[in-house]
Amino acid sequence: MKKLVTGAHLLSVAPMMDWTDRHCRAFHRLMSRRALLYTEMVTAPAVIHGDRGRLLDFAAAEQPLALQLGGSDPDELRAATRIAAQWGYDEVNLNVGCPSDRVQSGCFGAVLMKTPQLVADCVAGMIAESPVEVTVKCRIGVDDQIADEVLPQFLATMRAAGIKRIAIHARKAWLQGLSPKDNREIPPLDYPLVHRMKAEFPDLHLSINGGIETLDQARDHLRVMDGAMLGRAAYQRPWDILGQADQLWGDTPPMTGPVDVARAMRPYLQDHLAAGGRLHQVTRHMLGLFHALPGARNWRRVLSEGASRGGIEVYDAALAEITDLAVAD
């Protein structure tokens, strides 16, 4: 019996390259005990041949945590999954959604929407090696594919290969002519299509991703879908999304406000600095903590200007910009 992530898929923070590293996840976990977090995408060849500790290490406090793998070679993905099993992730996810040029050149990511049987071969091998659930994150199609035809065929193929959970980014990916950033904004969202997939595949656990900006919007989707996955909104406005997220499970949020979060991060920062790390490696993920609140601009300014060369005193100065305002009020 494979270990399953119970309930965490109700709300998840999408895997995002250069953003959802271990420091970001430690920060996010302070605000939500329940949401499922993802690593950045790690390629299967990197796991096989690279520095595994640097790529795969995480703190137990980050869990529930899913590892996202990238690749298109069934043997490589099988080997990477076998190696990663030693780290104790709660889930292993295959990336079938990233539209970046470097991903396409390696023949993985969104381009795999064109070869669903290859994806099926990949995930079947991964499932055979994984003690935890293997899942897929995909698009509704790519380029000139007809999404209404491609997506249900893709889901049926994944189901036949043994996949039970899929996160669907409700946009096509345009592999030529659009940058990765443009691919997150320009192709139109098709929420109704993804909602119809839940009706057509009631046995699959389907999460919806793409363009969800608020927790209320996530709640609206959860009336139809099994899960909602947020990316940039959770990263850029973390308190707005994750600060109240645990209410979705009927739980009391662990923090009462963003100031509490900032104070709770201080010991983590001290430990990171004591181990030889740099302040900005952590605080770059925290710039949006006080989004739209008094003092937010000064918080960002102090950290942006000083964190690359300063220590904990820079962090304390940034926090003082917020707490001084609270005292003045």
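Buried residues account for 55% of the 329 residues in this protein, whose model is predicted. The surface that the protein exposes comes to about 14,000 Å², and carbon and sulfur atoms supply 51% of that area.

The overall dimensions can be read alongside the burial. The C-alpha trace spans about 60 × 45 × 40 Å along its principal axes. For a chain of 329 residues, a compact globule would have a radius of gyration near 20 Å, and the protein has 20 Å, so the value agrees with that of a compact globule.

The secondary structure consists of 16 helices and eight strands. Taking contacts between residues at least 6 apart in sequence, 72% join residues that are at least 24 apart.

The charges are 36 positive and 39 negative. The mean position of the positive set lies 1 Å from the mean position of the negative set.

Cysteines are the last topic. A disulfide is a covalent bond between the sulfur atoms of two cysteines. In this model the count of disulfides is zero. Cys24 takes part in none, and the nearest cysteine sulfur, which belongs to Cys98, is 17 Å away. A disulfide requires the two sulfur atoms to be within 2.5 Å, and the 17 Å between the sulfurs of Cys24 and Cys98 therefore does not qualify.

Are these two cysteines buried or exposed? Cys24 has a relative accessible area of 0% and is buried. Cys98 has 19% relative accessibility; because the cut-off for buried is under 20%, Cys98 also counts as buried.

Conventions:
Residues are numbered from 1 along each chain as its sequence is written. This is a predicted model: local features need pLDDT of at least 70, side-chain atom pairs count only at pLDDT 80 or more; totals for chains, interfaces and linings use all residues. Side-chain values use heavy atoms; hydrogens and water are left out. Helices (H or I, at least four residues) and strands (E, at least two) are DSSP runs, numbered from the N terminus. The radius of gyration is taken over C-alpha atoms; the globule rule is 2.2 Å times the number of residues to the power 0.38. Buried means under 20% relative accessible area, exposed over 50%, partly exposed in between (1.4 Å probe, protein chains only). Contact means heavy atoms within 4.5 Å. Accessible areas come from the Shrake-Rupley method with a 1.4 Å probe; for residues, only the protein chains shown count as cover. Lys and Arg count as positive and Asp and Glu as negative; His and the chain ends are not counted. The place of a charge is taken as NZ of Lys, CZ of Arg, CG of Asp or CD of Glu.
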